[in-house]
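Hi everyone, thanks for making time. I'd like to walk you through a few spots in this structure, so let's put it up on the screen.

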Amino acid sequence: MSQATYCQIWADTQRELDTMLQREREEFLQPQEDPEQVMKMLATAYVQYLAILRKLAEAHAHLVHQQKRAAVRQALDGVMGRILEIKGEMVALEKCECHSMAAVLLELQRVPKEAVTAMTLEEGIRVIQVAERARQGRARAAFMRRIYLEEKRHSKKQEQQMAKSPDDAATCIQKVWRGHRQRKETERLREEEMIFLGMSLPPELEAMSSLQKTNVLEGEVQERANFSFRHELRAAEGPHIKETFQDEITQCFLECRHVTGRFPDYPPEKTGGSKAIIIEKHPEEILEELAAKKAQAEAEKNEKDKKGKEAKEPAPEKKPPKVEKQVVDEGWKMGPSNFLLMLEEGSSQYQVFWENRDNKADFLQDHDPELIKAGEREEVEEEIRVQVDEVMQEKLLRVKEAVDGETGPGQVKAAKEKASKTPAKKKISELEKDLTPGRTIDSLYQQLAEERLLIQVKNVNLSDYMGYYDCLGSLLRETGAQPMPSIPEVRQLVALYGILPLGSQTVHENAPLVKSLLLAGPAGVGKKMLVHAICTETGANLFSLTPSSTGKYPGREGLIMMLHMILKVGKELQPSVVWIGDTERIYSKGASKGEDEVNFKRLARLLPQFLRALKPKDRVLLVGTSRRPFDANVGPFCKVYQKIILIPKPDYLTRFALWKHYILQCGGTLTKLLNLNCLAQVSDGFTQGHVVDVVHTVLTELRLLQMARKPLRTVEFVTSLARHDPVYNEEEEAFQAWYAKTPLGKAWNAARETNEEGKGKRKKKKGKGKGKGKK
């Protein structure tokens, strides 16, 4: 598609975004009492924002114009952050990470329709013609291939019959070599003659001249780059900006003297210089605040006097307070957002700069100078403000000395005394101290890689984690049980809590901060694959903590040094992911075996300190994977990991797709003798890892060579599958029982009990009402 098409996609999406912002102003700011209505409203906004996100991502990926891409990226970051905020509200409302959105999707018509439109006669004829021409092309290609092979075979026979003698071959080689050597010699003589005549330079001088030309060109390009719009702004608007600053500062000084009776002290550069003066409140506002405080103090004094008089008089009989008036239930209300203002600013900028632009005429996709000037105007103003501060500070000292009789040294001393009164420094944790001051990031990176603490990321995308939605989730929800998330929901949660924050600095700093993530599930369900997918999608470094790697840093001091190096390199080369495999072993209830295990368990006390050292600006995520989380102590385990994602074993549709995908990927061929339905049914209870292992075991190199005369059979895979142990129902129940002990699981159970009690009370009230009617 052309650039104009993607600009049109951006324009349409921006209109949808403006509609969503208007809807949020009307609905989300109003208190809501019905939880079901609130959930429907949030789910609708969530789905619509997801659709907007996909369209903006498509436009951002294909637009060439850099300024347009920057504008789209601003809207993209705002939408991603808003999605995370709405997701947080949904989780807080339902006490669950998975939500039933079938009704919302049907209402928004985002479910595939079953109705199929019939073909017209012309369309049918066109399809038949395309298929017939393709068949003729394939037949023609096969016929020409046979002719080519026959001619090649015939020419080989002729060459064998007319084979040349060794002498003829040597003569042919000599001809070619002598001709090549003579051409080179002639070229050399021609170059020497041109140098002798002065018509060309020697090779060494030619290289120097070309280097000089390159340097001159680079210098011209650098001069053009330096002579940017900033110089034009400084020349065109600099005097006006300087005069405006001086007038504003002078006016502030005069007004402050009118209010306080003396000129104020000039703020030092550490506090922002004249910025602090201009940002401060207007004198009229200060007077209004003083008057309001005075009136409030008088009112409080009058109330105290009244209470004193009432205390002297006999107290009247107290009436029982009305409970109904004291308890006020305002209902649910959307929390404050860090991204709505960003989206509104982006929308206004789009309307000013891009909405009425003719994208079809912009063939060269050239930049807009006004946007560049707007971006660099702040830097020019800051440079001029520093110069103005120096001049105005000297001017203020002279005016004070002439009018108020104050001298300069006293003012400087007062300013120094103010500057010396700095707040007490906060305590710095052991991990935040620079324990490697003389080491470079490259040397630390190399050490971590050599000790297998920094590992290579496998090239795996999140879309490679195959699976389908579980249609029984809504039925389980109706019974009151907390359903396991389906594989698409797992992909969505990993994208929300892992990929989106790590992929955008703006989203990570302003969205609800998630520092740690736990992926829990049976062995072979794809936890490690998801960790690598997070790193692949975001381009993050992957640090792996295992007993063998942590054993190289024994003791508490050694672990502190290891975590410090990981923090230092991870923050410098962010985004980064710190992965702890089998993380339940850190918090295991039993005694550990071996020195490495003991050292590995010492991480339990340092991980909270590690998480406290991560700030919103640090795109570093702690990811733990666990196949037996119920072996760990629940309390400290859940305190470390903010978000917990349960990963289920694959259902029937997912198993069918897995068998088909991996058999074809490994070079197998699907025939009638291979029943995928049977394999998907027999492999119930087995994981994705089992399927991959079985396919690789059966489809060896020898078996692939035999496939032409011996097609694949179902029994081959079933026999290999029987050697593995499935995931039994007891293990699944253990996962669900453990999740019920987590904070979110406890909240879910408490909310369910509250709902059941409310339903019971409503039924009793209805029963009483019916009984009265009969009487």
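Quick bit of vocabulary before we start: when I say helix or strand, I mean a DSSP run, H or I over at least four residues for a helix and E over at least two for a strand, numbered from the N terminus. Also keep in mind that this is a predicted model.

Okay, first stop: the loop between α21 (555-572) and β4 (576-581), which is where P575 sits. What kind of peptide bond joins Q574 and P575? It's a cis one, with omega at about 5 degrees.

Next, a couple of backbone oddities. K95 isn't a glycine, yet its phi is positive, near 55 degrees. You'll find K95 in the loop between α3 (66-94) and α4 (102-107). Its relative accessibility is 26%, so K95 counts as partly exposed, given that the partly exposed range starts at 20%.

R452 is another non-glycine with a positive phi, this time about 60 degrees. That residue is in the loop between α15 (441-450) and β1 (454-455). Is R452 buried or exposed? Exposed: its relative accessible area is 53%, and the cut-off for that label is over 50%.

Last stop, helix α23, residues 603-612. Seven of its 10 residues are buried, so the helix is largely enclosed by the rest of the structure. Which ones are they in α23? The buried residues are L603, A604, L606, L607, Q609, F610 and L611. Buried here means under 20% relative accessible area.

That's my tour, thanks for listening!

Technical notes. Residues are numbered from 1 along each chain as its sequence is written. This is a predicted model: local features need pLDDT of at least 70, side-chain atom pairs count only at pLDDT 80 or more; totals for chains, interfaces and linings use all residues. Side-chain values use heavy atoms; hydrogens and water are left out. Buried means under 20% relative accessible area, exposed over 50%, partly exposed in between (1.4 Å probe, protein chains only).
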